[in-house]
Amino acid sequence: MTSQEIRSAFLDFFKSKEHLIVPSAPMVVKNDPTLMFTNAGMNQFKDYFLGNATPSSRRVADTQKCLRVSGKHNDLEEVGHDTYHHTMFEMLGNWSFGDYFKKEAIAWAWELLTGVFKIDQSRMYATVFEGDKANGVEPDSEALELWRQFLPTSQIIYGNKKDNFWEMGDVGPCGPCTEIHVDLRSDAERAKVDGATLVNKGLPTVIEIWNLVFIQFNRKANGSLEALPAKHVDTGMGFERLCMVLQGKTSNYDTDIFQTIISEIAALSGKKYGDDAACDVAMRVIADHLRAVSFSIADGQLPGNVKAGYVIRRILRRAVRYGFTFLGFSEPFICKLVPMLVAQMGKYFPELEAQKSLVEKVIAEEEATFLRTLEVGIRLLDSEIEKRQREGKTEIDGKTAFVLYDTYGFPFDLTELMAREKGLTVDQKTFEQELNAQKDRSRNAAVVETGDWVEVKSGADFKFVGYDTCDAEAGIVRYRKVKSKGKEQYQVALSVTPFYGESGGQQGDVGYLQSAGERIEVLSTHKENNLTVHITARLPQNVDAPLRAVVNVEKRTATANNHSATHLLHYALREVLGKHVEQKGSMVSPGGLRFDFSHFQKVTDEEIARVEQLVNRLIRKNAALVEHRAVPMAKAKELGAMALFGEKYGDSVRVIQLGDSVELCGGTHVQATGQIGLFKITSEAAISAGVRRIEAVTGEEAEQVVYRLQNLFREVGAFFHNTPNLISAIKKTIGENAELQKQVELYMKERIAMLKDALLSRAEHKDGYKLVKLDAQTEAQLNVPSDFGKELAFQLRASAPDIVFAMSTASGGKPVIMLMLGDDVVKRGLNASQIVREAATHIEGSGGGQPFFATAGGKNCDGLNAALQKIIELIDSNLQAQ
């Protein structure tokens, strides 16, 4: 079976068992502070397990794209080096939300694997939970007896808490699980060693393919377990591993999922897969990382310098580095693999097909940027190696290796390889200390202590009324204490809330809770999965008492103005620039808006003016808000609403129509566009390949921008005596200034020529070279502007091939040294860059350049004379050594 046939067979099987087949959720997670990426098939169903939402079907199945590169589930360093670890992978799964349980889950798993996929029963093993006395959990005898219907006892194995008890996190739903393993060894190997002894021992040929989790407990903050009122099933089967089993391979990378891409990598590099172990690892890394990066970009996560963006950039750079080091790629190449990936997976993941052009462009630019960074890093490492060799040292310190890793993307093994080629070692111990210190800093910054939810009103519903009011009667349903960086706050969930929790790019509401004469400030509001959480510094004295939840209307109104303006901006951009424009991100707050969109060139000033004018025209039309709540997706599309890739939509959606603008949106909006007042774009720039960012303000903030511009024009006009034709006056002044500048430059060239002759006339004739030395500080009578030093140096070099020109000066209170060597001197083995770097220690600085010309800046002007003398000493000693 091909991988596509295998995927279809799984979904068709569970469809026949009355499961609703749902699409994969985006790989990039939103509205869940505990996750950056979807790392398991169950992530999109957390609300159902937590009781925050009710599923439309109690039986569900899907194939979910997952990414495991951070936190507890981090497989990045194993990827490519073994046969089965991946960053991005597909998780096939079926779920029961309070419907069927262990009996059906185990029976259907057996039926699919043996009846549909025809896996040899003698090669299969099942593990069941052995129990945990510390938590008072008995062995899972129910699962054991169910498996005995299908497998002999010798193929059923008890597993410990690590392998056979699944937990969502430190707190929350959890339960025992049963794993299904397959022995892929040859018959001869199986005859020698019983496969049952190799289960969960890390052998890649005796491997887990399916995990059936039975969620029946809730883990509390104190570590104890309590039974859940409803029991759930959560299963996950690694698609890549299943394909390996069914296609008779012993490596995931040998399946058709990866081999098509690996063959293309081999063709591009001119190397054959299977000929060299290091090259094979590189090809596997690239094939895997291509998928992770492409799907992330298609889901709206662009490479960046923080959080999820940094993770994606790191994955991409790891792939580039492997291609650069082992396959000889010095130009962007991963972007060339995207069309093949789209052809292979676009049918099941349409977002990949739709975003193909963007994915290619973003990857191409990221590759080119990192390859340039690698070149800089290589030059720095070469310089460090040369320095160590000159000093007679044989080891590069670990701090330098860490800087190369952290700033230039150099993994330790690449630094070690380049150093070894020059006969040096690298201090790995210090490198690891620096790396661990950085990890500790990051970990400590992110530590949040979260207590258990305290239930005040069990079984109460959560209702959002913020579309209709900013003031509501409510009660506390649950609360918990959180502690971060030594600061204690409370998270409060209300039965009814007008507060909008931060999501969809809209900043959460602030306001207060009024309870029995006391006022509790709501500092912020966010969504945790589907639950609106209000952040407060304290709780009411009586948490059972009814209260009023009141939103800050002024800030809500300003935020709504900006959110509605983003919709009008999106519409205007598509009208002015073209229908290829799609939203790639947004942020709306009371102070302004930010809108990211796909477009492959700079938006011109004329286009910005047209967009701004169109938005303001739409505002003046005062189009009334037309809102469609809880409509099916099909109906929303009929209304003209455009779904955004990377967003997760429920069975019913909300449609916002403002004139001709129609979008799916859960945010708060104006009642009519006229409420926005005025719209003003303040900036436009690129944030990555193919993605632009516009920042803008509305209402009073926009008025302030206009007032500031008017004041600026008045101030500029005053400089020109308030002439009625200001532009002409400015142009005339610029022209006059340019003419004067030419005259000054001509004068300075004449001065430099005269100075050159004066310096040559006093040159010292030394051992095979002419020394021209200039201390511009002590020889003030020569009147040498510091910024003309370079021009002087090049004129001197042109006059004599055996010249050595050494100069020291102070520019703006900062010391500068300069060295120029003639061609004959360079041929004798002198290097200006090396000499200047060494002399720069006297001015507490650093520098460099080319073999014939180099400069350095520093902090200590008192060391200029010593630096100049050091340059001459180094030149003489090097020449005498010859």
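Let's start with strand β34, residues 803–811, which is mostly covered: 7 of its 9 residues are buried. Keep in mind that this is a predicted model, and that "buried" here stands for under 20% relative accessible area.

What does β34 pair with? Strand β33 (residues 769–775) runs parallel to β34, and 6 bridges join the two. If you want a spot to look at, find V772, which stands opposite F805 in β34. Strand β35 (residues 814–821) also pairs with β34, this time in the antiparallel sense and over 8 bridges. Here T809 is a handy marker, since V816 in β35 stands opposite T809. Strands of a sheet can pair either way, parallel or antiparallel, through backbone hydrogen bonds. Between β34 and β35 sits a hairpin with 2 residues between the strands, and in that hairpin G812 takes a positive phi near 60°.

Now move to another piece of sheet. Strands β27, β28 and β29 form an open sheet of 3 strands, in that order, with antiparallel pairing. Which strands are at the edges? They are β27 (625–632) and β29 (661–664), each of which pairs on one side only. From one strand to the next, the twist averages 20°. The antiparallel pairing of β27 with strand β28 (residues 652–658) rests on 6 bridges. One place to check this is V626, whose bridge partner in β28 is Q657.

While you're at β27 (625–632), have a look at the side chains of E627 and R629. These two form a salt bridge, and their closest N and O atoms are 2.6 Å apart. Are they buried or exposed? E627 has 26% relative accessibility, so E627 counts as partly exposed. R629 is at 37%, and therefore counts as partly exposed too.

That pair is one entry in a long list, as the structure holds 40 salt bridges. Another one joins R291 and E240, whose side chains meet at 2.8 Å, N to O. Why is this pair worth a look? R291 lies in helix α9 (residues 277–298) and E240 in helix α7 (residues 239–246), so the salt bridge ties together parts that are 51 residues apart in sequence. Both ends are covered as well: R291 counts as buried because its relative accessibility is 0%, and E240 counts as buried because its value is 2%.

Compare that with K756 and D757, whose side chains meet in a salt bridge at 4.0 Å, N to O. K756 has 18% relative accessibility and so counts as buried, while D757 is partly exposed, with a relative accessible area of 46%. Salt bridges can also share partners, and D120, R123, D187 and R190 are joined into one network that way.

Next, the empty space. The second largest pocket holds about 450 Å³. Which residues are closest to its centre? Of the 17 residues that line this pocket, the closest are S383, E384, K387, R390 and R837. Several elements contribute to the wall: α13 (356–390), α14 (398–408), α24 (832–839) and β36 (846–849) each supply at least two lining residues. The largest share, 5 residues, comes from α13. Sort the lining of this second largest pocket by class and you get 4 nonpolar, 7 polar and 6 charged residues.

The closed spaces come last. A search of the whole structure finds 2 cavities of 30 Å³ or more. The second largest cavity has about 40 Å³ of space. Its lining is made of S3, Q4, R7, E90, F239, I257, Q344 and M345. The elements that give two or more residues to that lining are α1 (3–16) and α11 (338–345). Helix α1 provides the largest share, with 3 residues. By class, the lining of the second largest cavity has 3 nonpolar, 3 polar and 2 charged residues.

Technical notes
Residues numbered from 1 in each chain as written. Predicted model: local features only at pLDDT ≥ 70, side-chain atom pairs only at ≥ 80, totals over all residues. Heavy atoms only, no water. 1 Å grid on protein atoms, 1.4 Å probe; cavity = no way out; pocket = protein on both sides within 12 Å on 5 of 7 lines; lining within 4 Å. Points joined across faces, edges and corners; volume = space filled by probe spheres on them. Helix = DSSP H or I, 4+ residues; strand = E, 2+ residues; numbered from the N terminus. Nonpolar A, V, L, I, M, F, W, Y, C, P; charged D, E, K, R; others polar. Buried < 20%, exposed > 50% of the residue type's maximum accessible area, 1.4 Å probe, protein only. Pairing = 2+ DSSP bridges. Axes fitted to C-alpha atoms, helices over the stretch in contact; angles between N-to-C directions.
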